[in-house]
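User: I am new to this structure and would like a close look at a single part, the helix H9 region, with the sheet around it. Please take me through it slowly, explaining terms as they come up.

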Amino acid sequence: MRKLRCHLVELPGTAILVGPAILGTGKSVCHVAQRGQSAVEDAVDHEAKESGVTRGQNVVYQMPHDWASIAHVLAPVLDRIDDTLPDVQLLIVCADAEAAASASASVVRLAGSRSLRAIAATTARRAARLLRVAPATGEAGGGAQVVAGAPPELLALVQGSSLKLQQVRCVVLAWVDELLAGGEESMLETLMAELPKEAARIVVANEINVEVEALIERYARRARRVAPTTTDGSLAVGLQYATVSAASRLPALRRLLDDIDPARAVVYVRSDDSERDVRDLLRALGYDHRGLPDDVGVRVARAAGPGELDVVVLYDIPASREELREAVGPQSKRVVALVQPRMLSSLRVLAGGAPVTPFTLSDAGLRARTREEIVRSEIRDTLALGTFARELLALEPLLESYDGIEIAAATLRLLEQSRFERDAARARVVEGRPAHTPAGASAPGTAMTRIFINVGAMDNARPGDLVGAITNEAHITSAQIGKIDIRENHTLVEIASDVSDSVVTKLTGSTIRGRRVVARVDQERGSRPSAPRTGRLADRGSRRDSGTRRDAGRDRNDRESGERGADRSARPPRSGESE
């Protein structure tokens with residue numbers, strides 16, 4: 001009889017005794033004990049007790065973006081990994097480098113004292129070197145059992161032969177709605193084609209929409225689904241939020257307490273690390289709760305309790321609506337969540353249809369409101385269109401140094417600059433000058449290079465869109481942009497040759513009119529007319545014109561021949577020639 005191996009893992013807000021498991025299902029022969037377990041986590045554990053589940057079965061989990069909660073998904077998968085084999089057996093595909101680091105950290109905490117090795121492929125170059133070297137001996141071929149990364153980095157590792165996928169037993173697509181919003185679907189498709197067909201697929205999503213359903217159908221057909229139970233509106237909770245980065249939560253909490261100055265408040269946490277950090281901050285600010293009743297002062301807790309509170313601050317985000325209701329309690333006047341931008345959609349799901357509104361910290365608000373806000377109605381209309389996953393991921397690192405409203409003000413300034421460039425371009429067209437050919441820009445000696453951009457009239461692209469994108473992304477002036485020729489499905493733009501390579505590099509990957517840009521130096525001859533001709537006859541011209549050109553050519557040749565003859569007669573005779 002095989003000896004069972006179990007080990008205790010301490011995680012934020014959870015204690016898991018992990019043992020042999022059924023891959024991708026959460027089924028384990030050992031006991032799992034939870035503190036503050038959510039509905040999704042209960043469902044995962046319930047699945048572990050069901051029979052008839054086979055190894056390698058695909059599973060879909062719907063849960064908020066929280067790496068502490070995903071421990072319930074990873075724990076049984078890690079138990080199927082053989083520590084003695086140096087091959088990659090678990091691949092975690094994330095949206096970006098930060099998510100890859102969080103995934104790897106979760107794996108390390110779950111592994112405990114095991115010799116299992118995980119690598120966060122935050123950059124392909126660093127990960128490639130680590131995959132070739134063993135951590136202890138320094139000998140080649142050490143490898144790793146778990147690799148986490150975004151599709152571009154993982155695909156680069158595979159194409160460079162640094163990452164071998166033949167022994168992968170399971171792939172986890174962590175929050176695929178973010179992956180799709182980031183435009184990585186084509187790279188993900190290429191990466192998935194390299195995986196063994198028998199490898200289990202685990203899909204985690206914050207929200208199951210049409211795009212996610214299509215991905216599930218493609219990569220995890222007939223998957224078992226684990227989702228939170230549907231509840232009535234009695235669990236809906238109105239929330240406010242302040243956007244922060246992972247590193248700026250503590251400073252934001254201090255500023256929030258300064259603004260509100262509550263007499264009775266609870267700071268909700270889910271993890272031991274968060275509880276320790278918040279407790280130290282509260283003591284440093286003078287909120288020493290030792291010896292005081294629970295309904296006095298500001299304290300850190302994992303549930304609000306029955307007393308009346310001025311505010312509940314969600315330092316961590318609950319994993320379910322039931323957990324949120326327990327966290328805020330029955331008598332909280334205000335609930336403010338400190339969230340990263342990528343978690344806003346999860347927060348709205350948790351609110352259960354109740355209002356979710358932004359909370360602006362006063363010091364940042366005063367600085368930003370000194371600028372004239374002339375486009376409020378346009379911004380409201382844009383916000384009403386939906387979520388902005390790619391934009392939120394791009395702006396999130398700025399939250400470590402700036403407040404969200406300051407970032408919005410800077411973005412507004414860039415918008416105004418882009419509109420100025422657009423209006424200037426229109427003015428030049430009205431004056432009869434070629435679009436975006438500033439006076440003096442075509443002076444003799446100015447070398448121009450024509451670049452190809454895969455955005456054209458079919459995308460409703462206008463000259464101002466091109467100029468705004470090029471100047472903002474490549475940080476050049478409109479004087480370095482020449483003629484813009486918008487075709488049906490692409491555009492040709494003349495760029496000053498000394499900055500053309502930089503423009504191609506920085507413009508590729510940006511977005512114009514909702515389309516992801518691919519730019520390159522145009523390979524056509526510079527003398528070729530930029531305006532498209534219709535039909536082959538238009539290119540060749542009429543036969544009559546061709547004959548005229550041939551006659552003109554013969555006349556020119558005759559003249560040149562006569563001139564050469566005159567030159568020969570005028571020069572002095574060579575030695576041996578008769579005069």
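Analyst: What follows goes from the six-stranded sheet to the helices beside it and then to one loop residue.

This is a predicted model, in which local features need pLDDT of at least 70 and side-chain atom pairs count only at pLDDT 80 or more, while totals for chains, interfaces and linings use all residues. Residues are numbered from 1 along each chain as its sequence is written, and side-chain values use heavy atoms, with hydrogens and water left out.

The helices (H or I, at least four residues) and strands (E, at least two) named here are DSSP runs, numbered from the N terminus, and two strands are said to pair if DSSP finds at least two bridges between them. With those terms in hand, the sheet can be described as an open one of six strands, in the order S15-S14-S16-S17-S13-S18, with parallel pairing. Strand S15 (297-301) and strand S18 (356-358) stand at its edges, and because each has a single partner strand, one side of each is left without a neighbour in the sheet. From one strand to the next, the twist averages 25°; angles here run from 0 to 180 degrees between N-to-C directions, and axes are lines fitted to C-alpha atoms, for helices over the stretch in contact.

Within this sheet, S13 pairs with strand S17 (residues 335-339) in the parallel sense, over four bridges. One residue pair makes this concrete: Gln240 has Val336 in S17 as its bridge partner.

Helix H9 packs on this sheet, where it touches strand S14 (264-268), S15, strand S16 (311-314) and S17, contact meaning heavy atoms within 4.5 Å. The direction of H9 makes about 155° with that of S17. Helix H12 (residues 344-351) packs on the sheet as well, touching S13, S17 and S18, and the direction of H12 makes about 170° with that of S13.

H9 also has a helical partner, for the axes of helix H9 (residues 249-260) and helix H10 (residues 272-285) come within 11 Å and cross at roughly 40°. That angle makes H9 oblique to H10, since angles under 35 degrees count as roughly parallel, over 145 as roughly antiparallel, 65 to 115 as roughly perpendicular and the rest as oblique. The crossing of the two helices is right-handed, a term used if the near helix is turned clockwise from the far one by less than a right angle, and left-handed if anticlockwise.

On the H9 side of this contact are Arg249, Leu250, Leu253, Arg254 and Leu257, which meet Ser274, Asp277, Val278, Leu281, Leu282 and Leu285 in H10. The residues of the contact divide into seven nonpolar, one polar and three charged, where Ala, Val, Leu, Ile, Met, Phe, Trp, Tyr, Cys and Pro count as nonpolar, Asp, Glu, Lys and Arg as charged, and the others, Gly among them, as polar.

Finally, the loop between strand S13 (239-243) and H9 holds Ser245. Ser245 counts as buried because its relative accessibility is 3%, buried meaning under 20% relative accessible area, exposed over 50% and partly exposed in between (1.4 Å probe, protein chains only). Leaving aside residues up to four places away in sequence, Ser245 touches Gln340, Glu396, Leu399 and Glu400.
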